[in-house]
Amino acid sequence: MSICLSANNCTGQLKSQKPAMYSGFSEDYLEKVLYEEGESDGWALANRSQYAEVWKKKYPNESLQVIKAFLHLPGVPPNDAVKMIQDIEVRKRWDTQFSAIEVLEEHPTHRVVYWSAPLPLGMQTRDIVQYIAERRDEANNTTYILYTHVPEDVIAAKPGIVRAVTIQSAAIVRPDPLDPTSTKITLLYQTDFRGWLPKSMVNFFSAFAPPKWRRDMYNFYIKMYSKEKENCDKMLAAVQLKAKGTTGTEEEHMNSLCSS
């Protein structure tokens with residue numbers, strides 16, 4: 001999918017009608033995420049497997065449930081997990097629930113990202129546009145990835161596609177306390193898929209998404225990403241071992257390839 005940020009000459013492309021106004025994520029947003037991560041009151045177990053545990057909760061007077069998932073990625077270092085989530089070009093290679101993922105705007109404090117997800121049984125495709133911000137706790141090697149909705153008047157939905165809305169969403173990525181080379185991820189999200197899709201159906205399927213998301217990411221890491229990273233490390237080491245004739249440009253080129 002090609003993305004057009006110009007107000008003119010964007011025939012057939014996604015069109016940004018005006019710059020996305022970003023007011024930042026408040027401290028309350030992250031505090032609420034951390035509170036719900038550790039809270040048990042009101043949460044009911046939705047499903048559990050060896051490496052994934054999913055909980056659900058409904059707030060008073062709301063029909064859409066909130067999903068909380070605890071995921072374990074043994075043998076996947078936290079920095080690699082963040083890379084696979086945050087690097088859009090890497091994300092496209094493993095996240096099968098989306099047919100299109102594109103960065104619309106890049107800023108020092110956040111990004112604006114477009115996602116498109118086909119639904120089964122002949123239902124209309126949903127898309128979603130989010131502000132995404134990343135915060136780091138270096139002392140604990142923990143990354144907080146925060147998501148919220150971009151208003152539809154900024155980027156209109158394409159004809160035939162229903163615009164979903166992020167009510168709240170976050171991912172917390174930290175080392176496994178028993179093994180710092182492995183990763184624990186907490187997901188918290190509540191999404192309104194809009195359209196005629198029954199809320200009961202949304203609630204049902206939402207609880208089954210995190211285990212598949214974790215499985216797709218983990219399989220990609222084991223089968224491809226870890227091997228590519230190992231090969232890059234070997235090639236970079238070979239360049240660095242050259243006693244003579246190695247130019248700074250050559251080493252910089254290898255570093256660039258292996259960080260992409």
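The structure, a predicted model, holds seven aromatic pairs. The tour begins with two of them.

**Aromatic pairs**

Select F204 and F208 and display the ring planes. The ring centres lie 5.2 Å apart and the planes meet at 50 degrees, so this pair is tilted. Adding F205 to the selection completes one aromatic cluster, formed by F204, F205 and F208. Colour F208 by accessibility: with a relative accessible area of 45%, F208 is partly exposed.

Next, select Y221 and Y225. These two residues also form a tilted aromatic pair, 6.0 Å centre to centre with 35 degrees between the planes. Both belong to helix α5 (residues 209-241); because Y221 and Y225 are four residues apart there, about one helical turn separates them. Y221 is buried at 8% relative accessibility, and Y225 is likewise buried at 10%.

**The cavity**

Then show internal voids. There is one cavity of 30 Å³ or more, and the volume of the largest cavity is about 30 Å³. To see its lining, select L64, Q65, I67, Y189, Q190, T191, V202, N203 and S206. The elements giving two or more residues to this lining are β12 (179-192) and α4 (199-206). By class, the lining comprises four nonpolar and five polar residues, with no charged residue.

**Confidence**

Finally, colour the model by pLDDT. The average for the protein is 85, and 83% of the residues score at least 70. Among the elements, strand β5 (residues 66-73) has the highest mean, 98, and strand β1 (residues 3-4) the lowest, 34. Select residues 1-13: pLDDT is below 50 over this stretch, which has 21 contacts in the model beyond near neighbours in sequence. Predicted coordinates should not be read in detail where pLDDT is low.

Conventions: Residues are numbered from 1 along each chain as its sequence is written. This is a predicted model: local features need pLDDT of at least 70, side-chain atom pairs count only at pLDDT 80 or more; totals for chains, interfaces and linings use all residues. Side-chain values use heavy atoms; hydrogens and water are left out. On a 1 Å grid over the protein atoms alone, a cavity is a set of points where a 1.4 Å probe fits but cannot get out, and a pocket is an open set with protein on both sides within 12 Å along at least five of seven lines; lining residues have an atom within 4 Å of a point. Grid points are joined across faces, edges and corners, and a volume is the space filled by probe spheres set on the points. Ala, Val, Leu, Ile, Met, Phe, Trp, Tyr, Cys and Pro count as nonpolar, Asp, Glu, Lys and Arg as charged, and the others, Gly among them, as polar. pLDDT is the predictor's confidence in each residue, from 0 to 100. Contact means heavy atoms within 4.5 Å. Rings of Phe, Tyr and Trp (its six-membered ring) pair if their centres lie within 6.5 Å; planes under 30 degrees apart count as stacked, over 60 as edge-to-face and the rest as tilted. Buried means under 20% relative accessible area, exposed over 50%, partly exposed in between (1.4 Å probe, protein chains only).
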